[in-house]
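Biologist: I've got a few spots to go through with you. Shall we take a look at the model together?

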Amino acid sequence: MFRKLLFLIVLFSSVVVSSAQQRVISGQLKDDNTGTPVENASIAVRGTAVTALSDTEGRFTIAVQNGQVLEISHISYATAEFVVRPETKTITLGLVSANKQLSEIVVTGVLGIKRAARELATSSQEVGNAELNQGKPVNPILGLASKVAGLRINMFDSKVDPDVQVNLRGIRSHSGDNSPLYVVDGTPVPEINRINPNDIESINVLKGANAAAVYGSEGVNGVLMITTKKGKAGRQKIAVSNTTLFENIMRLPEQQTVYGNGVNGTYNPTEYRSWGPAYDGSLKAVGTVLPDGSQWEVPYTAAKDSRKDFFNTGATTQTDISFSGGDEVSTFFLSAQNVLTKGIIEGDKNSRTGVRFNASRKFGKLTALFNVNYVYNRNDVTPSEPWSTVYRHPAHIPYNEIRDWENVPYANPNYWYSTNQPNPYFNAANQRTLTNQQTLNANVELNYQFTSWFSAIYRVGLYNRNEQTRNTTGKFTYTTPGRTNIAGSVTDGSGDFRRINSDLILNFNKDFGKFSTRLLVGNNLRTDDTKTNSIGASALVVPGIFNPGNSTGQLSGSSAITQYRQTAVYGEFTAGYDNYLFVTLTGRNEWVSVLNPDNRSYFYPGVGATFIFTDAFPGLKNNVLGFGKLFASYNRTGNVNGISPYALNNTYSQTNGFPFGTLPGFALGTNYPNFNMKPEFVTSYEAGAQLGFFNNRLNVDLTYAYSLSTDGIIQTDIPGSTGYATALVNAFEVSNNIYEVGVSGDVIRKRSLRWNVGVTMYYMDNKVQKIYGELDALHTFRQNYVVIGSPYNTFMFYDYKRDPNGNIIVNGTTGLPVSTTELYNAGTGTPPWQLGLHTSFDFKGFHIGAQFDYRLGAVVYSEAANRMIQDGTSPLTIAYDRQPFVIPGSVVETEAGKFEANTVPVAGDRAYFTSYVGPVQSNYAVSANFFKLRELQIGYNLPASLLSKQKLVKTAGIALIGRNLFSIWHSDNIYNDPEFVYAGGSSEGYLSWRHLPPTRMFGFSVNVGF
């Protein structure tokens, strides 16, 4: 009995002592530099499940015992620790920004696994949520423009839902896709343009194949690792925001305003071309006499730029709401966004509605994560013909008078003044393209921690895109003679794409004294299924009914089904010594369905090393140099992006009238099925340094990268005697020498004031090494060529014949220039130099951020320029007041190699410009250099001390937003924004007649947190 009593006394005493030791302490977390509170920092008691979360003022309370260690972590700050002492009652800690502590940065590496940046043997750059959304883009890709060295992003034009071209460190493939791989929460997806940028926590750009060796063919062009927001343990949060931006035309192609419509100096009221008499301010009739006997009359005076009246003021409204929270075992993040865009073209509009739900749950050693994102996008636009009509009309057409084409007689197609160039408002209304797109992106991840050094991850992702399209042209029957009726047409299409991607990953981490090891092995399975259908009618019966059944004649149609399969095994082994020396080995073997079974298996290895020399030799650290890292890597990666499914199959297609009449038949394809095709391989080398100076106040990144693509896939002509016209072959070679510099530093860093400036510089020396056989050049698209010894995207133009001094050689009798029959190399359409400049200023809740972009060294060519010359609207046509003139500097070749100054004038009329200026492409190939202000944000966040007086609103802020506010082009570029590209792919520097002009956007954003 005594023993039991003694036991109870001891047990009770232990409980009392234990209870006495455990107590609650409070604290506050602040930014070490600015002194502002740090919200949503996680405070955990090491070795226990006890956690807390800092509030809007950075305050927290937590139950602790003496001697325990508090671990404080936040995505934007370096991890901190605090040991609880007996005298500890309250604590105040200053957290150091992670972007200034290079030695502590953790980034999202391959397969979505967090890695210490010091281990990475290749260059990478992370863009956080605030930086990504500085300009409030709808498409997250546009939020990366000019912010990452080596990443070049171009918009196609100014439509409501523009396509975007993305390239990272140059061109590697002629036939394949050169855009990087997108990985969302560890799962590869084909595109990210529909993701809500506000849902993104960060984007880590892994540059080149070295950084993404385990992704194989998909990662050969680099990887954009997107991490979406997750809920956090602690208080639940509600965030609401709205952004409204207005859009106006910034600049139009220059137009002559001296002469109006007519031919050979004579006014013609039904002629759209501007070869008439000079403007004189008189009232002139336009078009023919209307049925009521009246006639449209306008002042024969060029407005300052009446073409701007054709465009509307566009508007984009983004509304976002999100809910997040969690506890020690589960978290959730739920968001919704609605985007409405009204375009600058009459009737153009785009709407997007998206919902995201991210969740996690711990079940002992098992952690389950679930992410799903659904987006519905509706796009209603007109093709580009309305704008291409506007820049061909005379400068005195008042567009405000012709907008109501249905009710204003002279604006109606029946009585429109020109039979060649229609009323652009009628064009915009009569030709429409409607696209309904649904995108579902989801993944599930199971992570089981078997031991402290071994875990297994299984991740499966689904990406599904369904698209319904309708292209219509309204039927219109003219009641006036001399005009061609519009038969009307409708084409309905559907497209379904589904990708299932799964990874099984085994992750081993084990330390042996000063040595650390990490082994990652995995298996990947990927399947892509695509199905497209189309049915159309080209002659409608009843106007306004767009149904293929409302037609005469035969319907057109097509259907296609493709499948792509890929499987791979991969591994990555990293060994480290004393946390300053790391060596990484990578390997992947891939099997793909697009190659012949004998060639579809291929292996590629890689190796990299990093050395933190300031940790290896602590004596090197001082007040100037605080951190130093050197890295180098090698990788050889296969690539089959240039081979589409069934490209190596001997396919047949149905041919009408075979063998005669309406009998059906099938014909063999014209492309030779080359069963010996192999993957193209990219061999990459990279070396660089990462340095932190003045207590990490100044950070510098230096990188050199080299890649050589061999056995490149290219389609070439073959002799007709083979029975085929073309064949895919392994022949193309191209190299890239890349130089990158990144500099970021705080010009001012005080407790409540910070001014940061960052610069990214990039230079690319790209050269074609080999094409095929004995070919020196290969035509690819319009004036784009592949030329050995030149950059991949090279312009080849026709020019005037010139003497050794560059003077134009003319015919001695007529004075007319002599054109060459040979093409000349005009340079590249891809800018080899690119510079991004970012600056931010923060002071007591006020924030100013700006992003500038500078590119130079390329050429831009405008297809619209020739049309404007032919129609007399180009400023080139008034250089000599349309009077006879002697071509400046022109010479006459009197005998071979001998030249004399020319004195014979040319007429300077329409015939001269349309025959001797328009067809010569060198006349409108100009410098593509530009400097633009991409983004500007001026904002203010209400102080926490003010909001603490009430309990509902926790955060609130407002900002003024501007995008593309100004752009400086080369003085020779009188056409369009040189950033715009045509038709995607690898073409760049080619301005189509379809391109809309650039716009500037400005507006405001409001956000509130509860």
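**Salt bridges first**

Modeller: Sure. Lys-932 is buried, and Glu-979 is buried too; buried stands for under 20% relative accessible area, exposed for over 50% and partly exposed for in between, with a 1.4 Å probe and protein chains only. This is a predicted model, where local features need pLDDT of at least 70, side-chain atom pairs count only at pLDDT 80 or more, and totals for chains, interfaces and linings use all residues. Residues are numbered from 1 along each chain as its sequence is written, and side-chain values use heavy atoms, leaving out hydrogens and water.

Biologist: What does Glu-979 form with Lys-932?

Modeller: A salt bridge, with the closest N and O atoms 2.8 Å apart. The term needs a side-chain nitrogen of Lys or Arg within 4 Å of a carboxyl oxygen of Asp or Glu. This pair links distant parts of the chain, 47 residues apart: Lys-932 sits in strand β51 (residues 930–941), and Glu-979 in the loop between β52 (955–969) and β53. Helices (H or I, at least four residues) and strands (E, at least two) are DSSP runs, numbered from the N terminus.

Biologist: Which residues are linked in a network of salt bridges?

Modeller: Asp-853, Arg-855, Lys-932, Arg-934, Asp-977 and Glu-979. Within that network, Asp-853 and Arg-855 meet through their side chains at 3.2 Å, N to O. Arg-855 counts as buried because its relative accessible area is 2%, and Asp-853 does so because its value is 0%.

Biologist: And how many salt bridges does the structure hold?

Modeller: 38. Another one of them joins Glu-191 to Arg-465, with 3.1 Å between the closest N and O atoms. Here the partners are 274 residues apart, Glu-191 in the loop between β14 (187–189) and β15 (200–206) and Arg-465 in strand β27 (residues 454–473).

Biologist: Is Glu-191 buried or partly exposed?

Modeller: Partly exposed, because its relative accessibility is 24%.

Biologist: New topic: helix α6. Which of its residues are buried?

Modeller: In α6 (residues 863–871), they are Glu-863, Ala-864, Ala-865, Met-868, Ile-869 and Asp-871. Their cover includes β47 (859–862), α7 (910–916) and β53 (990–991).

Biologist: What happens at the start of α6, and what just after α6?

Modeller: At the start, a side-chain oxygen of Ser-862 comes within 3.4 Å of the backbone nitrogen of Ala-864. Just after the helix, Gly-872 has a positive phi of about 80 degrees.

Biologist: Now β48 and β49: in which sense do they pair?

Modeller: Antiparallel, over four bridges, with β48 at residues 891–895 and β49 at 898–901. Pairing requires that DSSP finds at least two bridges between two strands. Glu-893 has Phe-899 in β49 as its bridge partner. Two residues lie between the strands of this hairpin, where Gly-897 takes a positive phi near 85 degrees.

Biologist: One last spot, Ser-418. Where is that?

Modeller: In the loop between α3 (385–390) and α4 (424–430). Ser-418 counts as buried because its relative accessible area is 3%. Leaving aside neighbours within four places in sequence, Ser-418 is in contact (heavy atoms within 4.5 Å) with Thr-270, Tyr-272 and Arg-483.

Biologist: Which backbone nitrogen does the Ser-418 side chain reach at 3.1 Å?

Modeller: That of Asn-420. A polar atom of the Ser-418 side chain also lies 3.0 Å from the backbone nitrogen of Gln-421.

Definitions and conventions: Polar contact = N/O pair within 3.5 Å; in protein donor to acceptor, adjacent residues only side chain to side chain.
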